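Colleague: I would like to know how the words used for a structure are earned. Could you take me through one?

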Amino acid sequence: MQYLCHHKINNVTTLKYMMTIEEYRAEVLQALLEAKNEDGTPAITPKEAQEALNGFTDDELQDGILWNSPQDVADIILEG
């Protein structure tokens, strides 16, 4: 199943396009892995990123897909 997704590009332009939950989950993971601390080191390890993302059910992600870009979800995880 595909969902209309709120998506940011370069944190400026927003687009809406169809994305599956699996694609959305993969983009959240990618955003987590690309996040850096002020000193340029990774903000989260790959294991921590996957574990944090696994804390969200598909239903929870589906509920937010219209309103939260993958980057928004990554930011929420990193703030927590």
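Modeller: Here are a few terms, each set against its cut-off; note that this is a predicted model.

Colleague: What makes up the protein chain, and in which order?

Modeller: The protein chain has four helices and two strands. From the N terminus on, they run β-β-α-α-α-α.

Colleague: How do you know that the length of helix H1 is close to what is expected?

Modeller: H1 covers residues 21-34, which is 14 residues. The expected span is 1.5 Å times one less than that number, so the rule gives 20 Å. From first C-alpha to last, H1 reaches 20 Å. The two agree closely.

Colleague: Which residues of H1 are called buried, and why?

Modeller: They are Ile21, Tyr24, Arg25, Val28, Leu29, Ala31 and Leu32. Buried means under 20% relative accessible area, so each of these falls below that cut-off.

Colleague: What puts them on the same side of H1?

Modeller: They cover an arc of only 160° around the axis, so they share one side. On the other side, Glu22 and Glu34 are exposed. Exposed means over 50%, so both pass that mark.

Colleague: Which helices supply the largest nonpolar core?

Modeller: H1, helix H2 (46-54) and helix H4 (70-79) each supply at least two residues. The largest share, six residues, comes from H1. The core has 15 residues; among those touching the most other members are Val28, Leu32 and Ile77.

Colleague: What does Ile77 contact, beyond its neighbours within four places in sequence?

Modeller: Val28, Leu32, Ala52 and Phe56. Contact means heavy atoms within 4.5 Å, so each of these four has an atom within that distance of Ile77.

Note on methods. Residues are numbered from 1 along each chain as its sequence is written. This is a predicted model: local features need pLDDT of at least 70, side-chain atom pairs count only at pLDDT 80 or more; totals for chains, interfaces and linings use all residues. Side-chain values use heavy atoms; hydrogens and water are left out. Buried means under 20% relative accessible area, exposed over 50%, partly exposed in between (1.4 Å probe, protein chains only). The arc is that of the directions from the helix axis to the C-beta atoms. A nonpolar core is a set of buried Ala, Val, Leu, Ile, Met, Phe, Trp, Tyr and Cys residues joined through side-chain atoms within 4.5 Å.
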